Structures are given as structure tokens and as C-alpha cells.
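This report describes the internal cavities and the helix packing of one protein model. Please consult the sequence and the structure shown below while reading.

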Amino acid sequence: MRGVRAALGAAVLGLAMGGAAWAQPAADTMGAIRARGTVICGVAGGVAGFSLPDSQGVMRGLDADGCRIVAAAILGDASKVRFINTTTQSRFTALQSGEVDMLVRNTTWTLGREAALGLEFASINFYDGTGFMVKKASGVTSVKGLDGATVCVQPGSTTELNLTDYFRANGLRFSPLVIENLEELRAAFINGRCDAFTTDASSLASFRFAQGANADQYLLLPEIISKEPLGTMVRKGDWKFFDIVRWAHFAQLTAEELGIDSRNIESFRGSANPEIQRFMGATGDLGKALGVNPDWAVQIIRQVGNFAEMWDRNITPMGVQRGINNLWTRGGLQYAPPMR
């Protein structure tokens with residue numbers, strides 16, 4: 001019994017020390033951002049629709065714009081962002097170590113990640129789920145047709161666990177082809193090294209869209225086998241920064257609800273609507289409470305747009321319907337608490 005107690009005590013101590021390894025002192029991320037004049041943001045850097053440089057080298061996508069709204073709120077300039085490309089393996093370490101201020105990288109909000117990494121999810125910018133892609137020529141039209149298949153999957157992702165759980169629960173066999181680098185994984189699928197490719201359905205849609213004239217060669221299977229709320233992560237303990245990252249997203253949703261966008265926002269100045277007055281910074285102390293200028297929300301919408309504009313600019317061209325990512329008033333899950 002003494003040996004068992006000693007072992008349990010050592011395990012508890014080890015867990016405590018492991019948790020402490022990522023315990024961060026209360027940092028002043030907003031102060032650091034203002035001092036350097038730039039938000040440093042971790043992204044994937046190679047996913048069309050989310051974070052991918054255009055022909056001019058400018059990072060484009062829903063995640064990239066998720067970084068820009070924070071720069072607009074804190075610095076008043078959405079262009080003041082330095083993007084750092086991260087992998088599924090390096091992304092959390094980059095945020096834990098302070099290499100980046102925030103992470104917006106197709107990352108799923110889970111209990112394990114939030115409880116064990118010293119990190120916190122501030123918002124959800126895309127409600128997603130694990131999907132599967134095959135080549136149309138294979139004749140496979142359902143995941144149930146993949147029994148015995150070789151499946152391409154990234155390590156260190158929730159997809160890897162979802163894949164194992166789903167196949168086991170449904171009595172299906174598979175052989176994983178595990179490759180960390182996303183481009184290498186996609187190439188393996190294209191070159192026939194695996195029968196199917198699995199990751200978030202949004203990423204699969206992005207991949208297919210990027211194939212241009214060859215996009216019709218690939219089929220997204222109908223099954224979505226998990227819940228994957230993708231969101232923005234920050235370090236725990238720096239709650240001032242957490243607040244502004246979270247409410248920058250909510251400001252975009254609120255603007256969409258109010259009918260405010262980047263083209264018409266100036267016409268709302270002088271509105272008699274109390275909610276709009278608070279949003280515009282004309283009344284109340286919301287900006288002061290967050291530690292930013294009174295017009296912080298105006299800067300977000302003027303420079304980046306409301307959530308619908310951001311979606312239409314980055315996701316709609318891929319042929320992905322807004323669906324559950326719509327506002328709650330339109331049957332979706334995007335819901336902003338009151339700005340008051």
C-alpha cells in the first residue's frame with residue numbers, strides 16, 4: 001500500500017510540475033503590442049480561405065483577418081500584424097513561449113487543451129467538423145466504404161483521435177499514413193499513397209478549391225464525424241488581452257446584427273439608437289473598460305468589416321455555405337453577448 005501511495009504521490013507531483021511548466025505570470029500582452037507597434041499572430045500560412053499569402057505576399061483568410069481585428073482594436077491599424085507560420089506540432093509551444101501573442105490557426109477548442117496547456121480559447125470563428133475526401137474515381141461515396149483503406153492524417157491533431165474513434169466504433173479497419181507537414185500530406189493523397197484524406201471539413205474544402213480546374217476530381221464524403229469549434233487562443237492569466245480578443249470577434253457579430261458594415265458605418269454616426277451609440281463609442285465607457293480607444297469597434301468594422309463581410313471575402317469563394325456559422329437570428333450558432 002505504501003508503494004501505491006508513493007507512486008500516486010509522485011504522479012500527482014509530476015502532474016503539478018507539468019502544469020506549472022506552462023503556468024505563465026500575468027503578462028501585459030497589450031502593453032507589449034503597443035510598445036512594438038505590432039500584433040504577432042500565429043497562423044497556418046498555407047490554408048486557402050484561412051491563412052495563405054496572395055500573389056503580393058499579403059496574408060489572406062478568415063484566420064488572418066482574425067488577427068487584424070485585434071490590431072485594429074488595440075493599435076487602430078489593422079495592417080500592424082506580423083504573421084508567424086506554425087505547424088500542428090509547434091503552434092501551442094509558440095504561444096506558450098511568447099513567440100506569438102495569439103494563435104488563430106484552425107485550432108479546435110477542447111477541454112484537454114484548455115485545461116492542460118496554460119492557454120485559453122477566446123472566441124470561435126468557425127464551427128467545423130472532421131470530414132473525409134476521396135478521389136471520385138475510387139467510387140467511394142461514404143466513409144463506410146473505406147473499410148481497410150489507408151488514410152492520410154496529421155499527427156498531433158484532434159482529427160487523428162476522431163479517425164481512430166470513429167473507425168473503431170463502426171467496426172472498420174484502416175491503416176494511417178501520418179505526415180506532419182500539410183503540403184506533404186496533401187501530396188501523398190494526390191499521388192495515391194493513401195485512399196482517403198481526413199482533416200477538418202473546412203480544410204478539405206480549401207484544399208479542393210486550391211486545385212482549380214482539377215477540383216472536380218475530388219469528393220468530400222457526406223459524413224461529418226465530430227464537433228470542431230475552431231477558435232482563437234491566448235495565454236491564460238492575461239485577462240485584459242483575453243477580453244479584447246474575445247470582444248473584437250463579438251463586435252463583428254454585433255455589427256452584422258445591427259446592419260453595420262465597412263461601407264455604411266459612417267452613416268451610423270449620430271444615430272439615436274442607444275445600442276448603436278455605445279457601439280460607435282459615442283456614449284458609455286466600453287473602450288475604457290477594455291483598455292482601448294472609444295472607437296475600437298468602429299476601427300474593426302471600418303478596416304476589416306463585420307463577420308459576414310469577412311466570411312464572404314474568404315470562405316464563400318470556396319463554395320462553403322455559411323450554415324451553422326450564421327448568426328443565431330438566421331439559424332446559426334454565432335451569438336454575441338450584449339455590448340453594454
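## Terms and model

Helices are DSSP runs of H or I with at least four residues, and they are numbered from the N terminus. The model discussed here is predicted.

## A largely enclosed helix

Helix H12 spans residues 296-303, and 6 of its 8 residues are buried, so H12 is largely enclosed by the rest of the structure. Buried here means under 20% relative accessible area. The residues concerned are Trp296, Ala297, Val298, Gln299, Ile300 and Ile301.

Which elements cover these buried residues of H12? The cover includes H3, H9, helix H10 (274-280) and helix H11 (286-290). After H12 comes Gly305, which has a positive phi near 105°.

## The largest cavity

The structure contains 3 cavities of 30 Å³ or more. The largest cavity encloses about 210 Å³ of space. Its lining consists of 16 residues, of which Arg105, Asn106, Gln154, Thr199 and Asp200 are the closest to the centre.

At least two lining residues of this largest cavity come from each of strand E5 (102-108), helix H6 (158-169) and strand E10 (196-200). E5 provides the largest share, with 3 residues. By class, the lining of the largest cavity comprises 9 polar, 4 charged and 3 nonpolar residues.

## The second largest cavity

The second largest cavity has a volume of about 70 Å³. Among the residues that line this cavity are Gly66, Ile69, Val104, Ser123, Asn125 and Met310. Other members of the lining include Thr232, Val245, His249 and Gln252.

Helix H3 (62-75), strand E6 (119-128) and helix H9 (239-258) each contribute at least two residues to the lining of the second largest cavity. The largest share, 3 residues, belongs to H9. How many charged residues does the lining of the second largest cavity have? There are no charged residues in this lining, which has 6 polar and 4 nonpolar residues.

## The packing of H2 against H9

Two packed helices are described by the angle between their axes and the distance between the axes. For helix H2 (residues 29-36) and H9, the angle is about 75° and the axes lie 7 Å apart. H2 is therefore roughly perpendicular to H9, since angles of 65 to 115 degrees count as roughly perpendicular.

On the H2 side, the contact involves Thr29, Met30 and Ile33, which meet Lys240, Phe241 and Ile244 of H9. The residues of this contact between H2 and H9 comprise 4 nonpolar, 1 polar and 1 charged.

Note on methods:
Residues numbered from 1 in each chain as written. Predicted model: local features only at pLDDT ≥ 70, side-chain atom pairs only at ≥ 80, totals over all residues. Heavy atoms only, no water. 1 Å grid on protein atoms, 1.4 Å probe; cavity = no way out; pocket = protein on both sides within 12 Å on 5 of 7 lines; lining within 4 Å. Points joined across faces, edges and corners; volume = space filled by probe spheres on them. Nonpolar A, V, L, I, M, F, W, Y, C, P; charged D, E, K, R; others polar. Buried < 20%, exposed > 50% of the residue type's maximum accessible area, 1.4 Å probe, protein only. Contact = heavy atoms within 4.5 Å. Axes fitted to C-alpha atoms, helices over the stretch in contact; angles between N-to-C directions. Parallel < 35°, antiparallel > 145°, perpendicular 65-115°, else oblique.
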